[in-house]
Amino acid sequence: MSNFMSSDRFYFSPEMLSLINEYSDSILVIKYGGSAMKDPAVKLNVIQDLCLLHVLGIKVVLVHGGGYLIDKWLLKLNIKPKFENGLRVTDLETMRVAEMVLTGQINQEIVYLLNQHYVSSVGLSGKDASLVKALPLFNSNDNFTGKISSVNTDILLTLLSNNFFPVVSSVAADSNGNTYNINADTLASSIASSLKASKLLLLTDTPGVLENLNDHSSLIKNLNLQKISELRSKNLITGGMIPKIECAVAALNDGVKSVHIVDGSLPHSLLYELLTCNRSGSMLVL
């Protein structure tokens, strides 16, 4: 892994400069969540990395979740979080809390931090400018967990073309005005596909895709669809990695050139993944 940072300066190697030039006319979509969002020091590290990418002229759309904080607020309000098959069961009360936390708290905190670092940032949810149209994921009148019907990228392209940094919370509405909680990985994948992004990066709590689930040194840095299929057949893609892989495959099939799964808790893992050839996570391609 190239060492491009020291205590007092950045070192831009020829390798890095070549990669920066490669990204100059492309769009990156980054999903931010997990432990990288919980720890204040790690959060600041991610924000600084995002700001550097922006300053380098790389266009980034940030999509975020925040399930851990939704659970925290639900418990404060004596509402027990409910899940089925790994997905949140979102009744009306939970949906109100989720929107408050995702759009009213987390989104605004990220926007504030970016602006504090002199990056002009704009906070959005899927409801703004009809960015995302949602549909219910379940056939229930009291479950507001949603899926994506369509994405209108006009507002994102307008912001990016004027050097603004969009930050999108994973909340959207249907044509009747009902609000839905959308899985952030799914939203990031759909936005990346709609923008024909060069890359989709999923910041998560694991190093990436592992050959041995109990050995982080077994990280697989390069995968294609055939390798993913082999790992699935061996039951090596399990738990929370399943929806991430599904989102990655959907994005690749919709024209995104590569999808990266990266441990967001490691210092500057985002920069190492994007600006070094050795990288720090798993890269998936067709």
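This tour moves through a predicted model, from an open sheet to a second group of strands, then to a helix residue and a cavity.

**The open sheet**

Begin by selecting the strands of the open sheet, which has 8 strands in the order E5-E8-E2-E1-E11-E13-E14-E12 and shows mixed pairing. At its edges stand strand E5 (121–125) and strand E12 (222–223), and because each of them has a single partner strand, one side of each is left without a neighbour in the sheet. Strands of a sheet pair through backbone hydrogen bonds, either parallel or antiparallel.

Stay with E12 and add strand E14, residues 282–284, to the selection: the two run parallel and are joined by 2 bridges. Within this pair, Asn222 can be picked out opposite Met283 of E14.

**Strands E6, E7 and E10**

Next, select strand E6, residues 132–136, together with strand E7, residues 145–151, which run antiparallel and are joined by 5 bridges. If you click on Val132, the residue to look for as its bridge partner in E7 is Val151.

Keep E7 in view and bring in strand E10, residues 179–182, which pairs with E7 in the parallel sense over 2 bridges. Here Gly146 stands opposite Ile182, a residue of E10.

**Leu187 in helix H7**

Now move to helix H7, residues 184–195, and select Leu187 within it. Is Leu187 buried or exposed? With a relative accessible area of 1%, Leu187 is buried, since the cut-off for that word is under 20%.

To see what surrounds this side chain, show the residues that Leu187 touches, leaving aside those up to four places away in sequence: Val63, Val132, Ile148, Val168, Ser169, Ser170 and Ile182. Two of these names have already appeared on the tour, Val132 as the bridge partner of Val151 and Ile182 as the residue opposite Gly146. You can also draw a distance from the C-alpha atom of Leu187 to that of His64, which lies 123 residues away along the chain, and the separation is 9.0 Å.

**The cavity**

For the last stop, turn to the empty space inside the model, where a search of the whole structure finds 1 cavity of 30 Å³ or more. The space in this largest cavity is about 30 Å³. To display its lining, select Tyr32, Met37, Lys43, Tyr68, Ile106, Glu109 and Ile110.

Which helix gives the most to this lining? Helix H5, residues 92–116, does so with 3 residues. Colouring the lining by residue type would separate 5 nonpolar residues from 2 charged ones, with no polar residues present.

How values were computed. Residues numbered from 1 in each chain as written. Predicted model: local features only at pLDDT ≥ 70, side-chain atom pairs only at ≥ 80, totals over all residues. Heavy atoms only, no water. Pairing = 2+ DSSP bridges. Helix = DSSP H or I, 4+ residues; strand = E, 2+ residues; numbered from the N terminus. Buried < 20%, exposed > 50% of the residue type's maximum accessible area, 1.4 Å probe, protein only. Contact = heavy atoms within 4.5 Å. 1 Å grid on protein atoms, 1.4 Å probe; cavity = no way out; pocket = protein on both sides within 12 Å on 5 of 7 lines; lining within 4 Å. Points joined across faces, edges and corners; volume = space filled by probe spheres on them. Nonpolar A, V, L, I, M, F, W, Y, C, P; charged D, E, K, R; others polar.
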